[in-house]
Amino acid sequence: MIKKNRKYVVVLVILGIYFLIMLFLFIIPKIINRKTEITLLIGNNANWHYEDEKWEDVSNIRDYNWDKFDLYEDSTYKGNYSALFNDTWHFYDDKNTPINLESPNFLAIKTNRDYKIAEYLEKEITQDELKYVNEVLENYDINTSDFTSSNVLTYDIDSDNKEEKIFTISNVFTENFTSKIFNFIFIVKDDKITVISHTVDDIKNMYDNCKLYIDKIIDLNNDGNYEIITGCGYYSNRDTCYEMYEKVGNKYQKVKSCTK
(Lines give C-alpha, C1' and ligand atoms only; values in the text may rest on other atoms or scores of the structure.)
Protein backbone atom coordinates (compact mmCIF):
# COMPACT_ATOMS: atom_id res chain seq x y z
CA MET A 1 0.00 0.00 0.00
CA ILE A 2 2.85 2.37 0.86
CA LYS A 3 4.60 1.59 -2.46
CA LYS A 4 1.35 2.27 -4.33
CA ASN A 5 0.98 5.64 -2.60
CA ARG A 6 4.56 6.49 -3.49
CA LYS A 7 3.80 5.77 -7.15
CA TYR A 8 0.90 8.21 -7.01
CA VAL A 9 3.11 10.83 -5.42
CA VAL A 10 5.80 10.33 -8.10
CA VAL A 11 3.19 10.62 -10.87
CA LEU A 12 1.74 13.78 -9.32
CA VAL A 13 5.20 15.31 -8.96
CA ILE A 14 6.02 14.51 -12.60
CA LEU A 15 2.70 16.00 -13.73
CA GLY A 16 3.34 19.07 -11.58
CA ILE A 17 6.80 19.56 -13.06
CA TYR A 18 5.39 19.12 -16.57
CA PHE A 19 2.67 21.70 -15.87
CA LEU A 20 5.21 24.21 -14.55
CA ILE A 21 7.42 23.71 -17.61
CA MET A 22 4.46 24.28 -19.94
CA LEU A 23 3.38 27.28 -17.86
CA PHE A 24 6.75 29.05 -18.07
CA LEU A 25 7.58 28.03 -21.66
CA PHE A 26 4.25 28.63 -23.37
CA ILE A 27 1.37 29.97 -21.28
CA ILE A 28 3.02 32.87 -19.44
CA PRO A 29 4.93 34.18 -22.52
CA LYS A 30 1.72 34.03 -24.54
CA ILE A 31 -0.11 36.09 -21.91
CA ILE A 32 2.72 38.62 -21.65
CA ASN A 33 3.18 38.95 -25.40
CA ARG A 34 -0.46 38.93 -26.43
CA LYS A 35 -1.32 41.75 -28.74
CA THR A 36 -3.14 44.60 -27.06
CA GLU A 37 -6.39 45.59 -28.73
CA ILE A 38 -8.65 48.39 -27.50
CA THR A 39 -11.76 49.90 -29.03
CA LEU A 40 -13.26 53.09 -27.59
CA LEU A 41 -16.64 54.57 -28.46
CA ILE A 42 -16.66 58.12 -27.06
CA GLY A 43 -20.14 59.55 -27.21
CA ASN A 44 -21.38 59.58 -30.78
CA ASN A 45 -18.48 61.59 -32.18
CA ALA A 46 -15.35 59.46 -31.79
CA ASN A 47 -14.63 55.78 -32.43
CA TRP A 48 -11.00 54.73 -31.89
CA HIS A 49 -9.13 51.46 -32.17
CA TYR A 50 -5.68 50.61 -30.77
CA GLU A 51 -3.58 47.87 -32.33
CA ASP A 52 0.10 47.41 -33.22
CA GLU A 53 1.03 50.22 -30.80
CA LYS A 54 -0.98 52.94 -32.56
CA TRP A 55 -4.40 54.58 -32.37
CA GLU A 56 -6.59 55.03 -35.42
CA ASP A 57 -10.18 55.99 -36.19
CA VAL A 58 -12.47 53.01 -36.72
CA SER A 59 -12.81 52.62 -40.49
CA ASN A 60 -16.14 50.77 -40.48
CA ILE A 61 -18.25 51.44 -37.40
CA ARG A 62 -20.75 48.71 -38.19
CA ASP A 63 -18.02 46.07 -37.85
CA TYR A 64 -18.67 46.37 -34.11
CA ASN A 65 -22.42 45.92 -34.25
CA TRP A 66 -23.51 43.46 -31.54
CA ASP A 67 -20.04 43.27 -30.01
CA LYS A 68 -19.98 43.49 -26.21
CA PHE A 69 -18.63 46.67 -24.59
CA ASP A 70 -18.22 47.86 -21.02
CA LEU A 71 -20.47 50.91 -20.90
CA TYR A 72 -19.94 54.00 -18.73
CA GLU A 73 -22.22 56.99 -18.36
CA ASP A 74 -20.06 59.91 -17.30
CA SER A 75 -17.69 57.84 -15.10
CA THR A 76 -20.31 55.43 -13.73
CA TYR A 77 -20.22 51.80 -14.87
CA LYS A 78 -23.53 50.70 -16.41
CA GLY A 79 -22.70 47.13 -17.43
CA ASN A 80 -21.45 44.98 -20.30
CA TYR A 81 -23.77 45.40 -23.28
CA SER A 82 -24.08 44.78 -27.00
CA ALA A 83 -23.55 47.83 -29.20
CA LEU A 84 -25.53 48.74 -32.32
CA PHE A 85 -24.87 51.74 -34.54
CA ASN A 86 -27.86 53.30 -36.29
CA ASP A 87 -26.97 56.97 -36.84
CA THR A 88 -26.05 56.96 -33.12
CA TRP A 89 -24.90 54.22 -30.76
CA HIS A 90 -27.48 52.11 -28.95
CA PHE A 91 -26.82 49.45 -26.32
CA TYR A 92 -28.75 46.31 -25.42
CA ASP A 93 -28.63 43.73 -22.64
CA ASP A 94 -28.68 39.94 -23.18
CA LYS A 95 -32.47 40.04 -23.57
CA ASN A 96 -32.20 42.71 -26.29
CA THR A 97 -33.69 45.29 -23.95
CA PRO A 98 -32.39 48.78 -24.83
CA ILE A 99 -30.26 50.52 -22.20
CA ASN A 100 -31.44 54.00 -21.31
CA LEU A 101 -28.70 56.63 -21.15
CA GLU A 102 -29.61 59.94 -19.55
CA SER A 103 -26.41 61.65 -20.70
CA PRO A 104 -24.77 61.79 -24.15
CA ASN A 105 -21.44 61.72 -22.32
CA PHE A 106 -20.87 57.97 -22.46
CA LEU A 107 -17.83 55.82 -23.10
CA ALA A 108 -17.87 52.20 -24.25
CA ILE A 109 -14.71 50.11 -24.14
CA LYS A 110 -13.79 46.72 -25.53
CA THR A 111 -10.32 45.46 -24.63
CA ASN A 112 -8.25 42.39 -23.85
CA ARG A 113 -6.39 44.25 -21.10
CA ASP A 114 -7.29 45.33 -17.58
CA TYR A 115 -8.10 49.02 -17.27
CA LYS A 116 -9.36 51.60 -14.77
CA ILE A 117 -11.58 54.64 -15.19
CA ALA A 118 -11.10 57.45 -12.70
CA GLU A 119 -14.03 58.83 -10.76
CA TYR A 120 -13.53 62.46 -9.85
CA LEU A 121 -15.38 65.66 -9.06
CA GLU A 122 -14.50 69.00 -10.63
CA LYS A 123 -14.69 72.04 -8.37
CA GLU A 124 -14.37 75.78 -8.71
CA ILE A 125 -10.81 77.07 -8.45
CA THR A 126 -10.07 78.62 -5.06
CA GLN A 127 -8.37 81.95 -4.46
CA ASP A 128 -5.22 80.15 -3.35
CA GLU A 129 -5.19 78.02 -6.53
CA LEU A 130 -5.53 81.09 -8.76
CA LYS A 131 -1.78 81.65 -8.46
CA TYR A 132 -1.25 78.70 -10.83
CA VAL A 133 -3.81 80.06 -13.29
CA ASN A 134 -2.18 83.47 -13.23
CA GLU A 135 1.26 81.97 -13.81
CA VAL A 136 0.06 80.10 -16.89
CA LEU A 137 -1.70 83.15 -18.30
CA GLU A 138 1.34 85.36 -17.70
CA ASN A 139 3.54 82.87 -19.57
CA TYR A 140 1.29 83.38 -22.61
CA ASP A 141 1.03 87.16 -22.17
CA ILE A 142 -2.66 87.00 -21.28
CA ASN A 143 -4.19 89.40 -18.79
CA THR A 144 -7.80 88.66 -17.87
CA SER A 145 -9.91 87.36 -14.99
CA ASP A 146 -12.91 86.60 -17.17
CA PHE A 147 -13.43 82.86 -17.61
CA THR A 148 -16.29 80.88 -19.10
CA SER A 149 -14.95 77.79 -17.33
CA SER A 150 -12.51 77.52 -14.44
CA ASN A 151 -12.42 74.10 -12.81
CA VAL A 152 -9.98 71.93 -10.93
CA LEU A 153 -10.01 68.27 -9.99
CA THR A 154 -7.73 66.28 -7.72
CA TYR A 155 -6.59 62.75 -8.57
CA ASP A 156 -3.50 60.56 -8.35
CA ILE A 157 -2.99 60.08 -12.09
CA ASP A 158 0.45 58.47 -11.89
CA SER A 159 -0.20 56.14 -8.92
CA ASP A 160 2.59 57.51 -6.73
CA ASN A 161 0.22 57.98 -3.78
CA LYS A 162 0.32 61.77 -4.23
CA GLU A 163 -2.65 63.53 -5.80
CA GLU A 164 -2.18 65.98 -8.65
CA LYS A 165 -4.38 68.99 -9.39
CA ILE A 166 -5.72 69.20 -12.94
CA PHE A 167 -6.97 72.62 -14.04
CA THR A 168 -9.24 73.58 -16.92
CA ILE A 169 -9.61 77.26 -17.78
CA SER A 170 -11.20 78.88 -20.82
CA ASN A 171 -12.71 82.15 -21.94
CA VAL A 172 -14.07 80.84 -25.25
CA PHE A 173 -17.59 82.20 -25.94
CA THR A 174 -17.05 85.05 -23.50
CA GLU A 175 -19.41 88.02 -23.69
CA ASN A 176 -16.85 90.46 -22.32
CA PHE A 177 -14.27 92.33 -24.35
CA THR A 178 -10.83 90.77 -24.53
CA SER A 179 -8.06 90.61 -27.10
CA LYS A 180 -7.37 86.89 -26.88
CA ILE A 181 -9.38 83.74 -26.39
CA PHE A 182 -7.80 80.70 -24.82
CA ASN A 183 -8.14 77.16 -23.48
CA PHE A 184 -5.73 75.55 -21.03
CA ILE A 185 -5.62 72.16 -19.35
CA PHE A 186 -2.64 71.84 -17.04
CA ILE A 187 -1.42 69.72 -14.13
CA VAL A 188 0.16 70.95 -10.91
CA LYS A 189 2.42 68.49 -9.10
CA ASP A 190 4.75 69.58 -6.30
CA ASP A 191 4.06 73.21 -7.31
CA LYS A 192 5.32 72.50 -10.85
CA ILE A 193 3.00 73.27 -13.76
CA THR A 194 2.76 70.99 -16.82
CA VAL A 195 0.51 72.18 -19.65
CA ILE A 196 -1.27 69.26 -21.32
CA SER A 197 -3.31 71.05 -23.96
CA HIS A 198 -3.90 74.66 -24.91
CA THR A 199 -5.12 77.01 -27.64
CA VAL A 200 -4.65 80.76 -27.89
CA ASP A 201 -6.26 82.81 -30.66
CA ASP A 202 -7.49 86.28 -31.58
CA ILE A 203 -10.92 87.22 -30.28
CA LYS A 204 -12.20 87.70 -33.86
CA ASN A 205 -11.84 83.95 -34.40
CA MET A 206 -13.83 82.99 -31.31
CA TYR A 207 -16.60 81.14 -33.11
CA ASP A 208 -14.12 79.11 -35.13
CA ASN A 209 -12.72 77.79 -31.86
CA CYS A 210 -14.08 75.25 -29.41
CA LYS A 211 -14.26 75.14 -25.61
CA LEU A 212 -11.89 72.61 -24.07
CA TYR A 213 -12.75 70.26 -21.20
CA ILE A 214 -11.68 66.95 -19.64
CA ASP A 215 -13.90 64.13 -20.84
CA LYS A 216 -12.36 61.02 -19.24
CA ILE A 217 -9.33 60.00 -17.19
CA ILE A 218 -8.57 56.34 -17.87
CA ASP A 219 -5.70 53.90 -17.36
CA LEU A 220 -6.04 51.84 -20.54
CA ASN A 221 -3.24 49.33 -19.94
CA ASN A 222 -3.35 49.18 -16.14
CA ASP A 223 0.21 50.50 -15.77
CA GLY A 224 -0.73 53.09 -13.16
CA ASN A 225 -0.40 56.07 -15.51
CA TYR A 226 -3.76 57.46 -16.57
CA GLU A 227 -4.46 58.70 -20.08
CA ILE A 228 -6.44 61.94 -20.36
CA ILE A 229 -9.20 62.25 -22.96
CA THR A 230 -10.19 65.82 -23.73
CA GLY A 231 -13.26 67.11 -25.49
CA CYS A 232 -13.69 70.42 -27.26
CA GLY A 233 -17.21 71.66 -28.00
CA TYR A 234 -18.07 74.17 -30.72
CA TYR A 235 -20.65 76.94 -30.54
CA SER A 236 -22.20 75.72 -33.77
CA ASN A 237 -23.51 72.24 -34.57
CA ARG A 238 -20.06 70.92 -35.42
CA ASP A 239 -19.17 67.63 -33.75
CA THR A 240 -17.16 67.64 -30.53
CA CYS A 241 -13.42 67.18 -31.03
CA TYR A 242 -11.89 64.43 -28.84
CA GLU A 243 -8.17 63.92 -28.28
CA MET A 244 -6.07 61.77 -25.95
CA TYR A 245 -2.84 62.41 -24.06
CA GLU A 246 -0.54 60.02 -22.20
CA LYS A 247 2.42 60.53 -19.91
CA VAL A 248 5.85 59.93 -21.41
CA GLY A 249 8.63 60.71 -18.95
CA ASN A 250 7.69 63.94 -17.20
CA LYS A 251 5.55 65.25 -20.05
CA TYR A 252 2.23 64.46 -21.68
CA GLN A 253 2.09 63.82 -25.40
CA LYS A 254 -0.88 63.60 -27.70
CA VAL A 255 -1.45 60.02 -28.84
CA LYS A 256 -4.76 60.52 -30.67
CA SER A 257 -5.63 63.69 -32.52
CA CYS A 258 -9.01 65.04 -33.43
CA THR A 259 -9.93 64.28 -37.03
CA LYS A 260 -12.61 66.97 -37.39
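Reader: How much of the chain counts as buried?
Author: Keep in mind that this is a predicted model. The chain has 260 residues. Of these, the share that counts as buried is 42%.

Reader: And how many helices and strands are there in the chain?
Author: Strands come up a lot here, and one of them is β5, spanning residues 76–86. For the chain, the count is 2 helices and 17 strands.

Reader: Is Gly 79 buried or exposed?
Author: Gly 79 sits in strand β5, and its contacts beyond four places in sequence are Phe 69, Asp 70 and Leu 71. Its relative accessibility is 8%. The cut-off for buried is under 20%, so Gly 79 counts as buried.

Reader: Which strand gives the largest share of the largest nonpolar core?
Author: That core has 20 residues, and Ile 157, Ile 166 and Ile 217 touch the most other members. Strands β10, β12, β14, β15 and β16 each put in at least two residues. The largest share is 4 residues, and it comes from β14.

Reader: Which core members does Ile 217 touch, out of Ile 157, Ile 166 and Ile 217?
Author: Leaving out residues up to four places away in sequence, Ile 217 has contacts that include Lys 116, Leu 153 and Tyr 226. Also on that list are Ile 157 and Ile 166.

Reader: How many residues apart in sequence are the parts that Asp 94 and Lys 68 tie together?
Author: The two form a salt bridge, with the closest N and O atoms 3.1 Å apart. Asp 94 is in the loop between β6 and β7, while Lys 68 is in strand β4. Asp 94 counts as exposed at 66% relative accessibility, and Lys 68 is partly exposed at 35%. The pair therefore ties together parts whose separation in sequence is 26 residues.

Reader: What about Asp 158, is it buried or exposed?
Author: Asp 158 lies in the loop between β10 and β11, and pairs with Lys 247 in strand β16, 89 residues apart. Their closest N and O atoms are 3.3 Å apart. Lys 247 is partly exposed, at 25%. Asp 158 has 12% relative accessibility, so the label is buried.

Reader: Which residues are joined with Asp 158 into one network?
Author: The whole structure has 14 salt bridges, and some of them share partners. Through such sharing, the residues joined with Asp 158 are Asp 160, Glu 164, Lys 189 and Lys 247.

Definitions and conventions. Residues are numbered from 1 along each chain as its sequence is written. This is a predicted model: local features need pLDDT of at least 70, side-chain atom pairs count only at pLDDT 80 or more; totals for chains, interfaces and linings use all residues. Side-chain values use heavy atoms; hydrogens and water are left out. Buried means under 20% relative accessible area, exposed over 50%, partly exposed in between (1.4 Å probe, protein chains only). Contact means heavy atoms within 4.5 Å. A nonpolar core is a set of buried Ala, Val, Leu, Ile, Met, Phe, Trp, Tyr and Cys residues joined through side-chain atoms within 4.5 Å. A salt bridge is a side-chain nitrogen of Lys or Arg within 4 Å of a carboxyl oxygen of Asp or Glu.
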